[in-house]
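Please open the structure in your viewer and keep a selection tool at hand. The stops below follow one another, each with something to select and something to look for.

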Amino acid sequence: MKPEIWDFHCDVLSKMQMDESLDFLEDDRLDVNVARMGQGGVKVQCFAIFLSEKAEKPRFESILNQIDIFRQKVVPAGLVPLLSADDLDKVEGSGQLGALLSLEGADGLEANMHYLQLCYERGVRVLGLTWNFGNWAADGILEPRGGGLTPQGVELVKACHRLGIILDVSHLSVKGFWEVAELAEEAGIPFLASHSNAYSVCSHVRNLRDDQIKAILALKGRIGLTFVPWFVKKAPQVNASDLLPHIDHICSLGGENILMLGSDFDGIDAHIEGLDHAGQLGEFANLLLKHYPEKLVNGWLSGNGRTFLKKWLPQNK
């Protein structure tokens, strides 16, 4: 029986916004589509709303447009939006696929908390405060000044806690990370890093330092192992086995029960050899099973994400 896979980050919606000809059912120009999800054993996929830097200044209208794409092209393809913990049971008790909606970067909210409420009402359940650079809420990891949260950013974090929107720190500055961690500890609500690897293994600025991994572990958050080649290894060619040292390192810090997958498919223009699209995730699962106990592998592929969402998605729609 093929292992079940939950992937906590892809950029299909942004890609489909930029090219309206793309079809989510089986278009090979998409790393993630329904056919490839079935081929790779993907049961739940998180879809990020990402407003590309190639587009004009981020606006709330663009967020709504990607939500419409999700509703009109992704959901009708047979996916169930995961709005509450109850929806997980519906998906798991059927042959249907689950879809989680996230917002990658708060830029398009235009510092308007009413817009955040509207996003929640339209199904957004995960929010990353920044992409790589600074915005009205916080600095991203590539922002030269290295600032943290603005006063409005603090308000945004607290509003997410109240609404039941899970925070994602994958692109956040180091200072911002620790400020979110402090607010999370005060609220008793963990967060996730949906697509980040271990800095000690590959020293890319987007990867997590050991103290950050330990902080996520202490809060019982989650880390999504990502397939961005330059986050995995500094080499001309990267293959799937190069992800194993990241797993080993995070496990060595006690993080075997907080690991998930966060591929970043459709958000990258180069791929790990053997991980070109979602249809190959089953082969990656088989690779993991050759090196690690089945119980741990099943946790990384789906179980750890399932238990996190079961606890932290809203109990009622």
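Begin by selecting Asp11, which in this predicted model sits in the loop that lies between strand S1 (5-7) and helix H1 (12-18). Asp11 is buried and yet has no salt bridge, for the nearest side chain of opposite charge, that of Arg206, is 8.6 Å away. If you then show what surrounds Asp11, leaving aside its neighbours within four places in sequence, the residues in contact with Asp11 include Ala48, Phe50, Glu104 and Asp264.

Select Asp264 next, which is placed in the loop between strand S9 (259-261) and helix H11 (281-291). Asp264 is buried, because its relative accessible area is 7%, under the 20% limit. The phi of Asp264 is near 70°, a positive value in a residue other than glycine, whereas most residues other than glycine have a negative phi.

A positive phi, near 60°, is also found at Lys220, so move to the loop between helix H8 (210-218) and strand S8 (222-225) to find this residue. Lys220 counts as exposed, because its relative accessibility of 62% is over 50%.

Now turn to the nonpolar interior. The largest nonpolar core has 89 residues, and those with the most contacts inside it are Phe24, Phe47, Leu109, Leu127, Leu156 and Phe284. Helix H3 (residues 60-74) gives the largest share of this core, with 6 residues. From there, select Leu127, whose contacts, apart from neighbours within four places in sequence, include Leu103, Leu116, Cys160 and Ile165. A second, separate core has 16 residues, among them Phe8, Cys46, Val126 and Met260.

Conventions: Residues numbered from 1 in each chain as written. Predicted model: local features only at pLDDT ≥ 70, side-chain atom pairs only at ≥ 80, totals over all residues. Heavy atoms only, no water. Helix = DSSP H or I, 4+ residues; strand = E, 2+ residues; numbered from the N terminus. Buried < 20%, exposed > 50% of the residue type's maximum accessible area, 1.4 Å probe, protein only. Lys, Arg positive; Asp, Glu negative; His and termini not counted. Salt bridge = Lys/Arg side-chain N within 4 Å of Asp/Glu carboxyl O. Contact = heavy atoms within 4.5 Å. Core = buried A, V, L, I, M, F, W, Y, C linked by side-chain atoms within 4.5 Å.
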